[in-house]
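User: Please take me through a close look at one part of this structure. I'm in my first year, so go slowly and keep it friendly.

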Amino acid sequence: MFTGIVEETGEIVARERTDDGLRLRIGADEVATGLEHGQSISVSGVCLTVERFESGAWFEVFLATETVERTYLGDLAEGDAVNLERAMPAEGRFDGHVVQGHVDAVATVSTIEAVDEDWFFEFELPEGYGRYVVEKGSITLDGISLTVADLQKTKGRVTVAIIPATYELTTLSEKEPGDPVHLEVDVLAKYVERLLEERFA
């Protein structure tokens with residue numbers, strides 16, 4: 001489990017296509033320190049497993065075909081940046097919200113507006129996912145735990161306010177309108193929907 005609090009941005013330093021999927025080598029400093037084989041890491045919101053690593057330098061992950069098809073990680077090139085977060089330890093501080101690293105869909109950046117020192121990002125959600133989002137609720141975009149500032153359900157769009165620290169620490173500073181982002185809605189909303197479906201079935 002993750003919290004959506006990005007530790008650092010890493011860089012794709014190598015990629016290798018295989019018959020079964022895609023292997024990525026990601027350069028990182030803090031996140032690549034003290035790793036263990038089989039450890040989970042959120043890569044721009046996608047939960048992946050560490051296969052190989054060099055402490056303090058890089059780690060490698062493998063994306064199965066389904067992961068490549070469901071995310072945009074397969075479109076990344078060497079030199080592209082990704083958001084990184086290690087799984088939360090049992091004794092860790094819970095600063096964000098419950099993030100599984102299971103991408104629901106790919107959303108799109110609609111508009112970006114700078115207001116004083118902050119930024120307002122509007123995202124277009126894939127059809128059907130607006131029902132899981134509530135104003136002032138939590139949403140995960142590219143592995144970042146964010147609070148919904150405004151929701152336009154009829155248009156399927158959501159706006160979040162980004163403070164300077166988040167803008168500078170994450171890949172949001174490199175995003176432009178039309179760019180993709182990984183979407184993970186609040187898992188609690190999906191559980192509530194399932195319980196209500198069973199109750200009123």
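Analyst: Let's start with a bit of vocabulary: a residue is called exposed when its relative accessible area is over 50%, buried when it is under 20%, and partly exposed in between. Keep in mind that what you're looking at is a predicted model.

Try the wording out on K136. Its relative accessible area is 58%, which is over 50%, so K136 counts as exposed. You'll find K136 in the loop that runs between β8 (118–124) and β9 (138–141).

Now hop to another lysine, K175, which is the part I'd like to zoom in on. K175 also sits in a loop, this one between α2 (164–169) and β12 (180–185). Is K175 buried or exposed? Its relative accessible area is 14%, and because that is under 20%, K175 is buried.

So what does K175 touch? Skipping residues up to four places away in sequence, the list is Y72, V109, I112, F121, D142, P180 and V181. For two of these, we have polar details. The side chain of K175 makes a polar contact of 3.5 Å with the side chain of Y72. With P180, it's the backbone that takes part: the backbone oxygen of P180 is 2.8 Å from a polar atom of the K175 side chain.

Let's follow one of those neighbours, I112. It belongs to strand β7 (residues 105–115). At 28% relative accessibility, I112 falls between the two cut-offs, so it is partly exposed. Besides K175, I112 is in contact with W119, F120, F121, E176 and P177, leaving aside neighbours within four places in sequence. For a sense of scale, the C-alpha atoms of I112 and A28 are 28 Å apart in space, and the two residues are 84 places apart in sequence.

Next, zoom out a little. The protein is split into domain 1 (8–86) and domain 2 (105–200). By those numbers, Y72 falls in domain 1 and K175 in domain 2, so their side-chain contact goes from one domain to the other. The C-alpha centres of the two domains are 23 Å apart. Domain 1 puts 14 residues into the contact, and domain 2 puts in 13.

How much area do the domains bury between them? About 920 Å², with 54% of it on carbon and sulfur atoms. There are zero salt bridges between domain 1 and domain 2, but six residue pairs are in polar contact. On the domain 1 side, β1 (8–17) and β6 (81–86) each supply at least two residues. β6 gives the most, with four residues. Sorted by class, that side of domain 1 has five nonpolar, six polar and three charged residues.

One last stop, back at the loops. Most residues other than glycine have a negative phi. K136, the exposed lysine from the start, has a positive phi of about 70 degrees. S44 isn't a glycine either, and its phi is positive too, at about 50 degrees. S44 lies in the loop between β3 (40–43) and β4 (46–54). Its relative accessibility is 1%, so S44 counts as buried, whereas K136 is exposed.

Key. Residues are numbered from 1 along each chain as its sequence is written. This is a predicted model: local features need pLDDT of at least 70, side-chain atom pairs count only at pLDDT 80 or more; totals for chains, interfaces and linings use all residues. Side-chain values use heavy atoms; hydrogens and water are left out. Domain bounds come from an automatic or database domain assignment. Contact means heavy atoms within 4.5 Å. Buried area is the accessible area (1.4 Å probe) that two parts lose on being put together, summed over both. A salt bridge is a side-chain nitrogen of Lys or Arg within 4 Å of a carboxyl oxygen of Asp or Glu. A polar contact is a pair of N or O atoms within 3.5 Å; within protein, one must be able to donate a hydrogen and the other to accept it, and residues adjacent in sequence count only if both atoms are side-chain atoms. Ala, Val, Leu, Ile, Met, Phe, Trp, Tyr, Cys and Pro count as nonpolar, Asp, Glu, Lys and Arg as charged, and the others, Gly among them, as polar. Buried means under 20% relative accessible area, exposed over 50%, partly exposed in between (1.4 Å probe, protein chains only).
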